[in-house]
Structure formats: C-alpha cells, structure tokens
Amino acid sequence: DGEDFQLAKELTWPLFLEVLHMMPKKKSVGAGGFSVELLIAAGEEAQRAFYNALLADLRGKVVPETWRTVLYALLVKPLPSNPEVVAERREIALMPQDMKLLLQMVRQVSYQRIVGRVMSAQSGWLSGYGCTDPGLVAAHIIQQRRRMGKPLYLLFIDLATFFPRIDRGACKVAELLHGLPKEVIELTTLIYGAADDPEGAINCQYDSAGGLGEPFKNRMGALMGCVLSPDKAKILLNTVIVAIAAVTKGVRLWGYGRSDIEETWRRISQMAFADDWLGTFSSEVELQTAWETWKLWEVISGSKLGVKAKLKTVVTGVRYVDGRPVSVLDPCLRLRGGGCVPFMPHDEPYKHLGNWRRVDGSDADGWTKLKRKLQAALARLRRLYKPTQNEFMLVSDALLGGLAGYYLQTMYITWEQAEQIERQWREIYRRKFSRGDGGFKEAQSKPRVFFYSAKSKERYQR
C-alpha cells in the first residue's frame with residue numbers, strides 16, 4: 001500500500017488462522033511443551049487470546065524464555081562419517097511449536113516476498129523445483145559438448161555442515177542486500193542472538209540416550225529445524241552465485257530456437273540445488289576464476305568447502321581427440337589449507353544429486369547402479385506370497401516405476417537394457433499367474449483388503 005513495512009500490521013488474524021491449521025501435526029513439542037494440536041482443540045476464544053499475546057510480545061520486543069532454549073537431536077550420517085564424533089552427525093533442532101507458528105507467519109510476509117530476487121541458477125529450497133531440474137540441465141550440457149566434441153570442465157562443490165557454520169553477521173548483510181525488512185532481522189536476532197554477542201546467544205542442549213547434556217551458548221549457524229533456516233541459507237548462497245555469474249560466462253547451449261532469439265545463445269555457468277553446486281566451463285581460465293571466487297566466499301561467509309576423497313568437492317574435465325574422449329590435465333585447484341581439489345578422470349562417475357554422472361556423457365556406470373536397484377525390486381516381487389494380479393501390478397508399478405521414473409529423467413538407457421528388466425518381470429508374472437495350459441488366471445475386479453483385527457474389518461464394512 002506504499003507505506004513502510006510494519007511487521008505487526010502484516011501478521012493479521014486471518015494469516016494466523018491459516019498458518020495454525022497448516023502446521024504439521026504430531027511433531028516434537030520442544031522445550032516449552034506447547035502443541036499446536038492443543039491450541040486448535042481449544043477453540044477460537046483461546047486462539048484469539050494467544051494471537052493477541054503473540055502480537056503484544058512482538059511489539060514489546062520480548063520473547064518467552066522457552067524460545068531461548070533449543071534441544072538438539074543428533075542423527076547418524078552415512079559413511080564415511082564417524083557416528084562417535086558429534087561434529088560428524090547431523091544436528092536437528094527441536095524448536096518450540098509456538099515459536100515455529102510465529103516464524104511461519106513471518107516467513108510468509110517477508111522471505112517469501114523476496115524469493116524472486118534469488119537467481120534462477122539456484123533451484124534448492126524453492127517451491128515447484130526438485131533435484132531433477134539441475135540434474136537435467138547438467139545432462140543436457142554434458143551431452144551437447146560430447147556431440148560437438150568441445151572441451152568441458154565440471155566443478156562439483158558440496159559445503160561441509162553448511163547450516164551450523166553459517167556466520168550470522170554475514171547472513172544479516174546478505175539479507176539486508178536482498179531487501180529483507182530490518183524488523184524481521186531484529187526478531188530473529190532477539191531469539192537466536194547475534195554473532196558479536198556471545199553472552200546473548202541462544203541456549204542449546206544435546207538430547208542423547210544418556211539424557212540431556214549441559215546447556216551451552218550457540219552464537220553461530222542457522223539451526224536445522226528452524227523454519228527460516230532454508231531461506232537464510234538460500235539468500236546467503238545467492239551472494240556467491242551472483243558473484244560467479246558476474247565473472248564467468250559458462251557453456252553455450254544450442255538448438256533451442258531461431259538464431260534471433262536470445263535464449264538460443266544462452267550460456268550456463270552454474271546450477272545449484274540447496275548446497276550442492278555444479279559449475280560448467282569451456283576453459284580452464286573460467287574454472288580457475290570460479291574457484292578463486294569460491295575460496296574468497298568461503299572465508300567471508302564462514303563456510304567450509306567439503307573435501308572427502310571424491311565424494312564432495314571434485315573437479316573433472318574432458319576433451320575430444322578424433323571424436324574420442326580424453327581426460328584434461330589436472331587444473332590443480334589449490335585449497336586454502338593446502339593441497340588440491342580431488343581430480344577425477346573423464347571415465348570416472350560422480351554421484352550428483354543421487355545420479356551417477358560422467359563428464360564424457362556415458363551412462364554406463366549409472367546403468368550399472370540402477371540395474372542393481374531394479375534387480376533388488378524384482379527380488380521383492382518374487383517374494384510376494386500369493387498376490388492377486390491387481391496387487392502384483394500395484395507393487396510392480398511402485399517398485400519398478402518409481403525407480404525408472406526418478407533415475408531415467410536425467411540418464412539414458414537403450415531399449416535392449418530396458419528389455420532385460422522387462423523379460424525378468426514377465427518371467428515372474430508367468431510363474432505366479434500361469435494356469436498350466438498356456439493361459440493366465442483372470443484378474444480380480446478389485447484388490448483384496450487385509451484387516452489387522454475383527455474391529456477393523458467391521459469398520460470397513462460399515
């Protein structure tokens with residue numbers, strides 16, 4: 001309406017009701033014990049009183065003491081992470097539900113309004129996008145460079161423990177640059193504390209099998225479990241994506257329209273999903289420029305580039321000699337702590353967003369991995385005990401269709417490879433449903449319904 005942003009005015013009663021009823025149910029209640037289910041069951045009068053109390057605290061710039069205490073659950077990460085080391089586990093913050101209710105309202109009227117200022121190269125934490133979007137772009141670039149016989153350099157970057165390492169001071173600057181209202185930043189600072197105020201930091205405790213640990217102050221990072229953390233991470237990452245876009249051109253695409261349409265000559269230098277980033281370059285010079293930008297941003301943001309063998313940050317490249325792929329020389333990208341980024345030959349696969357990808361465009365390794373998963377799915381179909389045809393088809397579609405539907409969005413297999421799986425599936429079908437005279441049993445009109453008890457059967461019949 002042309003006026004200055006006022007957070008209290010934006011947090012309206014209809015918005016409160018909308019967010020209250022969309023909050024996830026049956027979740028951990030956090031340190032205070034508040035539950036949204038109880039508030040919903042309490043009725044409108046209690047909800048109105050709670051809403052007025054929220055706004056009063058917001059205007060008075062005070063928060064409940066229970067909001068200043070966070071319980072951490074430690075989850076085990078896959079190998080090679082060591083579960084005996086706290087730093088190598090995944091931290092999930094169990095936040096008070098009344099605080100999450102308020103922050104969800106704040107998110108709708110602030111962070112979601114500036115989401116258009118995030119570059120299109122970043123598709124993580126955005127509504128309507130999935131990890132197959134950057135995966136498909138990567139596959140197109142790799143295949144086109146192979147078709148043209150042009151060199152290609154790929155730089156995969158995965159940030160180590162990204163959320164806990166975020167520098168709150170750097171994040172605040174990024175949020176202000178993107179136009180986030182100061183009132184919103186002040187509210188989050190009031191809850192979590194500032195980077196330059198250790199004594200005012202939020203209190204945290206680890207929840208383990210041995211009970212709650214001793215409280216400690218946490219003045220850094222975006223807490224995994226906070227509803228605003230993905231937005232904060234997205235805005236902070238956008239600063240490095242913008243910087244790289246300013247100093248690199250990337251790889252030119254072709255074949256997308258007439259020569260007088262700008263998109264026909266579009267170049268793509270990077271694509272990101274959450275904190276998994278991929279840079280695509282046609283020369284080593286641009287590769288080095290992007291890497292130097294990442295090293296500088298690593299220092300400024302307080303982040304750490306993950307280097308763990310060839311599982312996280314990796315560089316690879318390919319050139320073509322007489323149409324045959326050949327590895328480029330190792331560009332020796334220097335790490336801040338010494339050493340170089342692991343280099344991967346052109347015929348070695350990298351697991352990018354769940355799919356095995358090679359810089360020379362071959363999907364042989366990806367097919368080997370996918371075939372192993374499909375064989376496991378077929379083994380489960382073999383173990384089905386006297387299923388109906390409808391049940392067999394339902395399970396087949398869930399197991400085989402689910403795998404194919406995901407992985408084959410960004411990788412290619414031949415008809416012969418697909419027929420290998422189909423022949424095995426047909427053999428399983430024959431064994432379960434053939435009558436012995438060359439025909440098949442008739443399909444039932446509807447699947448059977450299984451009941452765990454007589455009461456559940458009675459409820460179903462009613």
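In the predicted model, Tyr 406 is partly exposed, with a relative accessible area of 27%. Its partner in an aromatic pair, Tyr 407, has a relative accessibility of 15% and therefore counts as buried, since the limit for burial is under 20%. The ring centres of Tyr 406 and Tyr 407 lie 5.0 Å apart and the ring planes stand at 85°, so the pair is classed as edge-to-face; planes over 60 degrees apart fall in that class.

In total, 17 aromatic pairs were counted. One of them joins Trp 13 and Phe 16 in a stacked arrangement, with 5.5 Å from centre to centre and 20° between the planes. Because these residues are 3 positions apart in helix α2, which covers residues 13–22, about one helical turn separates Trp 13 from Phe 16. Both residues are buried. Trp 13 and Phe 16 also belong to one aromatic cluster, together with Phe 34, Phe 50 and Tyr 51.

Phe 16 appears again in the nonpolar interior. The largest nonpolar core comprises 76 residues, and those with the most contacts inside this core are Leu 11, Phe 16 and Trp 294. In soluble globular proteins, nonpolar side chains tend to be buried together. When residues up to four places away in sequence are not counted, Trp 294 touches Ile 157, Leu 159, Leu 237, Val 240, Ile 244, Trp 277 and Leu 305.

Helix α11, spanning residues 284–301, includes Ile 300. With a relative accessibility of 57%, Ile 300 counts as exposed, because the exposed class begins over 50%. On the surface, Ile 300 forms a nonpolar patch with Leu 296 and Val 299, and the three together have about 310 Å² of accessible area.

Glu 286 is likewise placed in helix α11. In contrast to the exposed Ile 300, Glu 286 counts as buried, at 14% relative accessibility. Outside its neighbours within four places in sequence, Glu 286 is in contact with Thr 248, Lys 249, Gly 250 and Phe 281. Of these, Gly 250 is 36 residues from Glu 286 along the chain, yet the C-alpha atoms of the two are separated by 7.6 Å.

A second charged residue, Lys 234, is located in helix α10, which runs over residues 229–247. Lys 234 is buried, with a relative accessible area of 5%, and this value places the residue in the buried class because the class includes values under 20%. Its contacts, leaving aside neighbours within four places in sequence, are with Val 115, Val 118, Gln 122, Gly 124, Trp 125 and Leu 126.

At the level of the whole chain, the model contains 15 helices and 15 strands. The C-alpha trace spans about 75 × 70 × 55 Å along its principal axes. Of the 462 residues, 42% are buried. Among contacts between residues at least 6 apart in sequence, 73% join residues at least 24 apart; the contact between Glu 286 and Gly 250 links residues 36 apart. The chain exposes about 25100 Å², of which carbon and sulfur atoms supply 54%.

Notes
Residues are numbered from 1 along each chain as its sequence is written. This is a predicted model: local features need pLDDT of at least 70, side-chain atom pairs count only at pLDDT 80 or more; totals for chains, interfaces and linings use all residues. Side-chain values use heavy atoms; hydrogens and water are left out. A nonpolar core is a set of buried Ala, Val, Leu, Ile, Met, Phe, Trp, Tyr and Cys residues joined through side-chain atoms within 4.5 Å. Buried means under 20% relative accessible area, exposed over 50%, partly exposed in between (1.4 Å probe, protein chains only). Contact means heavy atoms within 4.5 Å. Patches are made of residues with over 30% relative accessible area and no salt bridge: like charges are joined within 9 Å, nonpolar side chains (Val, Leu, Ile, Met, Phe, Trp, Tyr) within 5 Å. Accessible areas come from the Shrake-Rupley method with a 1.4 Å probe; for residues, only the protein chains shown count as cover. A salt bridge is a side-chain nitrogen of Lys or Arg within 4 Å of a carboxyl oxygen of Asp or Glu. Helices (H or I, at least four residues) and strands (E, at least two) are DSSP runs, numbered from the N terminus. Rings of Phe, Tyr and Trp (its six-membered ring) pair if their centres lie within 6.5 Å; planes under 30 degrees apart count as stacked, over 60 as edge-to-face and the rest as tilted.
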